[in-house]
Amino acid sequence: MTQNATAVTIRTARDRRAFVAPLVTTLITLPLGLVALFFAGISPMACDSCDGEVAHRFDDSFATAFTVLQVGLAVALVLVVTAWALPWQRRHATKRVLVAALAPTAVALAWVLFHGMVDWP
């Protein structure tokens with residue numbers, strides 16, 4: 001076997017630790033996303049005593065921000081599935097770790113966007 005053939009064989013060999021990054025991101029991203037969704041779901045209680053123009057501004061901004069949060073959580077879910085779906089070969093290890101790291105980052109970014117978009121009373 002030549003050196004080039006050996007390098008190709010190593011890159012296409014099955015990675016025995018390929019499950020680690022998807023597993024870690026799943027264990028972090030899913031609970032984080034559920035907590036974000038829970039707190040976003042109960043946040044309309046912040047304006048229970050609001051009326052008039054303040055309530056209108058809050059409701060309008062909340063509807064848009066909640067949609068943004070849902071899209072961000074969907075993106076995070078797609079990233080988790082992608083981390084699991086990448087072929088378990090050594091050449092995809094860097095991509096798998098990058099995608100796995102982006103999933104909880106997407107949840108955090110979605111939460112920051114949600115919190116910033118709502119016109120809190």
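This briefing covers a nonpolar surface patch, a loop histidine and a disulfide. The structure is a predicted model. Its nonpolar patch has an area of about 670 Å², and its disulfide count is 1.

**Nonpolar surface patch**

- Phe19, Val20, Leu23, Val24, Leu27, Ile28, Leu32 and Trp84 together make up this patch of about 670 Å².
- Helix H2, which spans residues 20–42, supplies the largest share of the patch, namely 6 residues.
- Trp84, another member of the patch, belongs to helix H3, which covers residues 53–85.
- The relative accessibility of Trp84 is 34%, so Trp84 counts as partly exposed; that class lies between the limits of 20% for buried and 50% for exposed.

**His92 in the loop between H3 and H4**

- His92 sits in the loop that links H3 to helix H4 (93–117).
- Because its relative accessible area is 11%, His92 is classed as buried, the cut-off for that class being under 20%.
- Thr12 and His92 are 80 residues apart along the chain, and a distance of 8.9 Å separates their C-alpha atoms.

**Disulfide**

- Cys47 and Cys50 are joined by a disulfide, with 2.3 Å between their sulfur atoms; this distance meets the criterion of within 2.5 Å.
- A disulfide is a covalent bond that connects the sulfur atoms of two cysteines.
- The angle about the S-S bond is -130°, and the link between Cys47 and Cys50 is left-handed.
- Cys47 and Cys50 are both buried.

Key
Residues are numbered from 1 along each chain as its sequence is written. This is a predicted model: local features need pLDDT of at least 70, side-chain atom pairs count only at pLDDT 80 or more; totals for chains, interfaces and linings use all residues. Side-chain values use heavy atoms; hydrogens and water are left out. Patches are made of residues with over 30% relative accessible area and no salt bridge: like charges are joined within 9 Å, nonpolar side chains (Val, Leu, Ile, Met, Phe, Trp, Tyr) within 5 Å. Accessible areas come from the Shrake-Rupley method with a 1.4 Å probe; for residues, only the protein chains shown count as cover. A salt bridge is a side-chain nitrogen of Lys or Arg within 4 Å of a carboxyl oxygen of Asp or Glu. Helices (H or I, at least four residues) and strands (E, at least two) are DSSP runs, numbered from the N terminus. Buried means under 20% relative accessible area, exposed over 50%, partly exposed in between (1.4 Å probe, protein chains only).
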